[in-house]
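User: I am new to this structure and would like a close look at a single helix, with enough of its surroundings to place it. Please take me through it step by step.

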Amino acid sequence: GVDDQLSALSRIFARGMGGTDLFASDCSCRGVVHSYRLAHETGQGLIVRDVLTALSARTSANNPFVAQREKKVSLLTGTTVTPKERIEALQALVMLARHLEHRSVVIALLDQPSASTWAGYPFTEAIDLQSSCLPASLQKEVCPDGLRLKLPVLLFHGNAAVRDAVQGVLLNYFQVESLTVVINDPAQWPVTFQYCVTCLGVASASL
């Protein structure tokens with residue numbers, strides 16, 4: 001069925017996400033999100049599982065030959081990174097999704113648009129890296145309102161790519177432009193501060 005085909009595609013994309021070619025990695029990230037968007041509920045669960053498994057199994061982040069490769073520009077972030085740094089950032093997103101106890105949030109984090117050096121025609125006709133893929137209905141599934149109060153804490157994550165992805169989710173999914181939105185609403189403090197305390201005791205939170 002369609003879900004089986006999308007699941008097979010997502011496994012290919014998941015392997016590409018953890019590769020050392022940054023162009024292929026950026027496009028594979030977007031391919032995973034598109035696959036999730038097109039799949040039914042059961043297929044979506046399989047795609048999330050495949051992504052988490054594939055990235056968790058990557059070992060090239062510790063490969064000294066990968067670490068020595070020249071820096072390249074990521075199309076999604078517009079920043080200059082090494083393949084090693086990119087893989088470590090993707091693995092940090094996986095750990096974050098597990099720590100939040102909502103695995104599909106990794107799709108939301110991968111869905112965030114950013115400045116790209118490949119923004120002109122015909123590149124945007126082939127794959128638009130500057131726009132979110134998920135409709136509003138799926139945005140609420142991969143990142144429900146219950147997570148919104150935890151995300152501001154993760155703006156202090158130790159990995160810059162994770163901070164950028166979290167900031168993108170807050171802005172694009174919840175229209176939260178700054179921490180003052182949380183600070184100025186005392187009703188939000190208990191959940192946010194409780195999660196902050198929880199993160200301080202967990203190494204994978206990387207605060």
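Analyst: The expected span of a helix is taken as 1.5 Å times one less than its number of residues. With that rule in hand, we can turn to helix α5, which covers residues 83–99, bearing in mind throughout that this is a predicted model.

Helix α5 has 17 residues, and because the rule uses one less than that number, the helix should span 24 Å. Its end C-alpha atoms are indeed 24 Å apart, so the model agrees with the expectation.

How much of α5 is covered? Twelve of its 17 residues are buried, so the helix is mostly covered, where buried means under 20% relative accessible area. The buried residues begin with P83, R86, I87 and A89, continue through L90, Q91, A92, L93 and V94, and finish with L96, A97 and H99. As a general point, an α-helix has 3.6 residues a turn, so residues three or four places apart point the same way. Just after α5, E101 takes a positive phi of about 60 degrees.

To place this helix in the whole, the protein chain comes to twelve helices and two strands, and read along the sequence it follows the pattern α-α-α-α-β-β-α-α-α-α-α-α-α-α. Of the 207 residues in the chain, 44% are buried, and among contacts between residues at least 6 apart in sequence, 70% join residues at least 24 apart. The accessible surface of the chain comes to about 10,300 Å², of which 57% belongs to carbon and sulfur atoms.

Two other helices give useful points of reference. In helix α8, which runs over residues 136–142, lies Q139, and this residue counts as buried because its relative accessible area is 15%, under the 20% cut-off. A polar atom of the side chain of Q139 lies 3.1 Å from the backbone oxygen of L134. Leaving aside residues up to four places away in sequence, Q139 touches L134, N172 and Y173.

Helix α12, made of residues 189–200, contains W189, which is partly exposed because its relative accessible area of 34% falls between the limits of 20% and 50%. Together with I183 and F193, W189 makes a nonpolar surface patch of about 320 Å².

Key: Residues are numbered from 1 along each chain as its sequence is written. This is a predicted model: local features need pLDDT of at least 70, side-chain atom pairs count only at pLDDT 80 or more; totals for chains, interfaces and linings use all residues. Side-chain values use heavy atoms; hydrogens and water are left out. Patches are made of residues with over 30% relative accessible area and no salt bridge: like charges are joined within 9 Å, nonpolar side chains (Val, Leu, Ile, Met, Phe, Trp, Tyr) within 5 Å. Accessible areas come from the Shrake-Rupley method with a 1.4 Å probe; for residues, only the protein chains shown count as cover. A salt bridge is a side-chain nitrogen of Lys or Arg within 4 Å of a carboxyl oxygen of Asp or Glu. Helices (H or I, at least four residues) and strands (E, at least two) are DSSP runs, numbered from the N terminus. Buried means under 20% relative accessible area, exposed over 50%, partly exposed in between (1.4 Å probe, protein chains only). A polar contact is a pair of N or O atoms within 3.5 Å; within protein, one must be able to donate a hydrogen and the other to accept it, and residues adjacent in sequence count only if both atoms are side-chain atoms. Contact means heavy atoms within 4.5 Å.
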